[in-house]
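Hi everyone, thanks for making time for this. I'd like to walk you through a few spots in one protein model, so please have the picture open and follow along.

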Amino acid sequence: MSSDANSKKMGLVGLTVLVAVNMMGSGIIMLPSSLAQVGTISLLSWVITALGAMCIAYTFAKCGAICKRSGGMSAYSEEAHGKSSFFIASYTYYVCLVISCVAIAVSAVGYIKPFMPWLDTPMHTFFGVVAILIVTMLANFGGPKITGQISSLTVWGIILPVLGLSVVGWWWFDPQTFISAWNPHHDTTMHSVSSGIALTLWAFLGIESAGANSDAVENPERNVPLAVLFGTGFAAVVYILSTTVIQGIIPNAELANSTAPFGLVFSHMFNPTVGNIVTIAAVVACIGSLLGWQFTNAQVSKSAAEEGLFPKIFAKTNKAGAPIFGMFIMLAAELLLALMTISPNLVNQFNALLNLAVFVNMVPYILSMTGLEVMLRKNKVTPAQYKLGATVGTLGVIYSIYGVYACGAEAVFGGTILTLFGYIFYGFIAARDVNDEERKSNVIEKEVNA
């Protein structure tokens with residue numbers, strides 16, 4: 001390859017920044033309030049999740065470097081588990097993103113509440129969530145270019161406050177406030193840490209896309225895994241610092257009941273005006289993130305439809321390239337889920353959605369990561385490379401299974417039912433494929449006989 005072509009590609013530093021920014025979207029925006037319900041012992045959950053997330057990130061980076069087929073996690077899972085797993089991985093990822101979009105909309109409503117106190121009732125909260133979902137869906141009709149430009153700009157509305165808090169917040173940090181909130185419910189260490197695992201894992205969802213830019217990177221075999229590890233590590237450090245410092249500034253009971261924790265902490269540190277600015281920036285970041293995830297999910301269903309695994313209506317696009325019919329179907333699912341999860345407490349509604357999303361997302365994670373060993377063998381890597389990839393991949397799978405356990409019985413129960421519905425849908429798809437194969441066979445037979 002020419003040096004001119006290489007000069008146009010992304011280096012290690014650029015890719016590391018990209019990985020970190022992609023991960024640090026709206027996932028953390030409500031976490032301080034959720035983690036306050038566990039206590040500052042959730043710091044241990046962050047450490048475990050950071051290590052697990054790095055194993056997952058490295059595994060996906062290796063899968064992306066080896067598997068050049070389209071389909072991402074679905075293609076990786078098919079390597080080990082066959083065609084049905086391609087569908088189940090696509091289906092569960094789609095369901096996870098539907099749940100995640102509702103959770104992000106709930107986060108946005110939480111940050112809007114200080115400006116609109118009437119959103120305090122469950123039904124008003126529901127209507128606020130519905131309005132945000134509809135507005136962002138309509139904004140996506142402009143196509144991928146507009147969505148990408150908006151999302152890449154608005155994400156800084158939460159990244160900058162979180163980074164700033166991680167650095168300057170320590171001037172207001174009170175060790176006694178942090179220590180007094182260590183284990184407010186006096187649960188066992190194992191139970192408390194497990195309670196925080198699903199919450200912290202939520203912040204890293206999207207890690208599967210970290211290795212998706214290998215074609216635009218210099219020396220991808222070396223730089224993609226390194227950038228994924230460095231980027232994930234950087235995001236983990238910022239997550240840990242920002243949530244730790246906020247727990248040492250705001251009393252635990254107040255933080256646990258806040259629907260806009262980052263706005264609250266900046267109000268404590270400076271004044272209500274600064275807090276309101278941060279709150280507004282967080283709302284903008286939520287809406288931009290929601291735009292991106294809704295479009296991503298529409299693209300996931302469009303790709304699956306083009307593979308013949310989803311109904312063809314999901315593949316139809318408008319002039320701008322937006323799969324609007326798939327978007328309308330997704331919006332209907334989001335509105336139904338928002339209605340089913342109405343709660344008197346907005347933080348509790350967010351936690352319920354978060355746990356369900358994390359469990360459902362672990363299905364494609366586990367399916368796809370267990371495909372790495374097959375890909376390594378097919379690629380005829382050295383024994384040392386195989387041993388490293390298989391070991392890290394297995395650790396990532398074990399951590400993902402732990403993440404499933406940490407989601408709790410209710411999320412596992414509901415997520416399992418949602419996953420099993422996918423097998424019903426696949427039964428019809430498999431039957432259709434048999435009919436298609438029979439038709440092709442009959443046509444070939446007639447041509448031979450003729």
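Let's begin at Ile150, which you will find in helix α8, spanning residues 144-154. One thing to keep in mind from the start is that this is a predicted model. Is Ile150 buried, exposed or partly exposed? Its relative accessibility is 32%, so Ile150 counts as partly exposed. Now look across to Gly292. Ile150 and Gly292 sit 142 residues apart in sequence, yet their C-alpha atoms are 8.5 Å apart in space.

Next, please find Thr136. This residue belongs to helix α7, which covers residues 122-139. Thr136 has a relative accessibility of just 2%, so we call it buried. What does its side chain reach? One partner is the backbone oxygen of Ile132, at 2.8 Å. The Thr136 side chain also makes a polar contact with the side chain of Gln294, at 3.0 Å. If we leave out residues up to four places away in sequence, Thr136 touches Ile287, Leu290, Leu291 and Gln294. So Gln294 turns up twice for Thr136, once as a polar partner and once in that list of contacts.

Let's move on to helix α17, residues 346-369, where Asn361 is located. Asn361 has a relative accessible area of 1%, so this residue is buried. Which residues does Asn361 touch, not counting those up to four places away in sequence? They are Tyr93, Cys96, Leu205 and Glu208.

Cys96 brings us to the cysteines. How many disulfides are there? The count is zero, taking a disulfide as two cysteine sulfur atoms within 2.5 Å. Take Cys101 as an example: the nearest cysteine sulfur belongs to Cys96 and is 9.3 Å away, so with a cut-off of 2.5 Å, Cys101 is in no disulfide. Cys101 is also buried, because its relative accessibility is 0%. Another cysteine, Cys407, has a relative accessible area of 6%, so it is buried as well.

Our last stop is on the surface. Here a nonpolar patch is formed by Phe413, Ile417, Phe421, Ile424, Phe425 and Phe428, and together they have about 650 Å² of accessible area. Let's zoom in on one member, Phe425, which lies in helix α20, residues 409-449. At 40% relative accessibility, Phe425 counts as partly exposed. Compare that with Thr136, which is buried at 2%.

That's my tour, and I'm happy to go back to any of these spots with you.

Conventions. Residues numbered from 1 in each chain as written. Predicted model: local features only at pLDDT ≥ 70, side-chain atom pairs only at ≥ 80, totals over all residues. Heavy atoms only, no water. Buried < 20%, exposed > 50% of the residue type's maximum accessible area, 1.4 Å probe, protein only. Helix = DSSP H or I, 4+ residues; strand = E, 2+ residues; numbered from the N terminus. Polar contact = N/O pair within 3.5 Å; in protein donor to acceptor, adjacent residues only side chain to side chain. Contact = heavy atoms within 4.5 Å. Patch = residues over 30% accessible without salt bridge, like charges linked within 9 Å, V, L, I, M, F, W, Y side chains within 5 Å. Areas by Shrake-Rupley, 256 points an atom, 1.4 Å probe, with all protein chains shown as cover. Salt bridge = Lys/Arg side-chain N within 4 Å of Asp/Glu carboxyl O.
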